[in-house]
Structures are given as structure tokens and as C-alpha cells.
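Biologist: I'm new to this one, so could you take me through a single part of it slowly? I'd like a close look at the open sheet and then whatever else you'd point out.

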Amino acid sequence: MILLDRVSVMYANKTVALSGVSLHINPKEFVTIVGSSGAGKSTLIRLLIKEEVPTSGKIIVGSIDYDTIDKANIPHLRRRIGVVFQDFKLLPNLTVYENVAFALEVSGVKSKEIKRAVPKILQLVGLSEKMHNYPSELSGGEKQRTAIARALVRNPKILIADEPTGNLDPKNSWDIIELLLKINRFGTTVLLTTHNKEIVDALKKRVITINRGRVVKDEKVGKYSL
Ligand code: ADP
């Protein structure tokens, strides 16, 4: 569960990025967040992964109250929330397998467990054949699959996909959306941000529209309208 109660963020330069945002997202939901550039989407994502703190308001994710979480627990929180970005952020000198394994290594997972988990997740995202390839040898869609595998391998409760199809052609975009839907069916909450009207309208899922830092629309079966 993700709960935001009257959350506002004002940056040091007095820009109000979010203003009185209240949201309730249930476990296993698939939610798309839309809003024009500067609306506050990235700020919302940074709040959820605790890279940003609200100026006022309350955030609770799962059983974690962001006001009282101590520093030592932030890595734990970030493991519960996987994030993928438009520009993939893969490590160029590591193979697909190594990129995914690295996410577990930094969390101190034992190598036996890594050897079990990584091939399994690569199979889930359809990348078993490419596991020894480097990012430069992959298509955009394959790069995004690698990034998704890397986020998923830690078994997050929530997957945030921030413009995951922004650098992809329509065919690869749909493949990534299908993959997100599959992950969601397996029980992971998915938060998607996108500017792709065609995708949002075809999904027929909940759509939260943000405009100038405020939630201006929140519809169970939403459409892209800005
Ligand atoms: P979006 O992701 O929807 O494009 P952002 O959350 O990045 O929107 O930005 C919301 C508003 O906050 C914009 O007006 C942006 O210029 C401003 N903003 C974002 N990050 C910062 C920052 N670090 N310092 C000051 N203003 C910022």
C-alpha cells in the first residue's frame, strides 16, 4: 500500500513541485501517472524512493512510515521499490547477467542464491539468450528488459517505471508494457509514468493526472488527457 496524505514539496528556490497530494494505491494495483513536463511526476517518484522529503504531509509505504524510518532502513526500503528509467542506466562494462547479479551482490546476497535467481528472472523477461551480451550489443527493448530484470530480481513489492518506453519504438514499447502487465499479474504493484497516449488509453487501468503539482484527476479506468 502506498499512502500520501496532503503531501507538498517546495524546493529551495521556492518552486512548489507538489501541493497537497493525497493518494491511496493498493497492493497489486497498476497505476499510470500522467502529467506534462514539470507537473511533478519525478518529484513524486523521488519522494517514494526517499531521495526527496516532503515539506509537509505524510507518506506511508507498506508498513513503513517515512517520517520515522531511520537511515539504516533506507536501503531496505529501496529494495522494496524497484525503479526503471527511460535511459536504462545499465553498467556498460557488465553483461546482462552481471548487471542483474550486481543488484544482488550490493545487497549482500550469497553467490549461490545469485546463481539461482538471475537466470530465473532473465527467463521471465525473455532474455535468457542474451545473458552474456553487453548493453552495447542489445536493442533498446532488450536494454529495458535488462533494467526491469535488475529491478525485479530483488523481489520488490512495487515497481516504478518512469517513462520506460520513452526511448523505444512502438513495437518494443508494447512489449515492455506487456511485460509490466505480466509482472503486475504476478502480484507486484506497478506505477508507470508515460507520455504515450495510445498506451494509456489502451491499458484501461487507473490513471492519475497531475497538473502543476496537484492531482487533478484520478480515474479507475482512465484516459490520457492533458
Ligand atoms: P515532471 O517529472 O512531471 O516533469 P518534476 O517533478 O521534475 O516534474 O518538476 C516539478 C517542478 O519542480 C518543476 O517546476 C521543476 O522545474 C521543479 N523542480 C524539479 N526539481 C527541482 C529541484 N531540484 N530544484 C528546484 N526545482 C525543481
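Modeller: Two strands count as paired if DSSP finds at least two bridges between them. Keep in mind that this is a predicted model. With that in hand, here's the sheet: 4 strands make it up, in the order S2-S1-S4-S5, with antiparallel pairing, and the sheet is open. Strand S2 (16–25) and strand S5 (64–65) sit at the edges with a single partner strand each, so one side of each has no neighbour in the sheet. Zoom in on the S5 end: strand S4 (residues 56–61) pairs with S5 in the antiparallel sense over 2 bridges. Look for Asp65 in S5, which is the bridge partner of Ile60.

Now for something on the surface. Leu91, Phe102 and Val106 form a nonpolar patch there, with about 240 Å² of accessible area together. Phe102 belongs to helix H3 (residues 96–105), and Phe102 is partly exposed, at a relative accessible area of 36%.

For a contrast, try helix H6 (residues 170–185). H6 has 16 residues and reaches 22 Å from first C-alpha to last, close to the 22 Å expected at 1.5 Å a residue. Plenty to find inside: the buried residues of H6 include Ser173, Ile176, Ile177 and Leu180. The buried residues of H6 pack against several elements, among them strand S3 (30–34), helix H4 (111–124) and strand S8 (189–193). Just after H6 you'll meet Gly187, with a positive phi of about 115°.

Technical notes: Residues are numbered from 1 along each chain as its sequence is written. This is a predicted model: local features need pLDDT of at least 70, side-chain atom pairs count only at pLDDT 80 or more; totals for chains, interfaces and linings use all residues. Side-chain values use heavy atoms; hydrogens and water are left out. The expected span of a helix is 1.5 Å times one less than its number of residues. Buried means under 20% relative accessible area, exposed over 50%, partly exposed in between (1.4 Å probe, protein chains only). Contact means heavy atoms within 4.5 Å. Patches are made of residues with over 30% relative accessible area and no salt bridge: like charges are joined within 9 Å, nonpolar side chains (Val, Leu, Ile, Met, Phe, Trp, Tyr) within 5 Å. Accessible areas come from the Shrake-Rupley method with a 1.4 Å probe; for residues, only the protein chains shown count as cover. A salt bridge is a side-chain nitrogen of Lys or Arg within 4 Å of a carboxyl oxygen of Asp or Glu.
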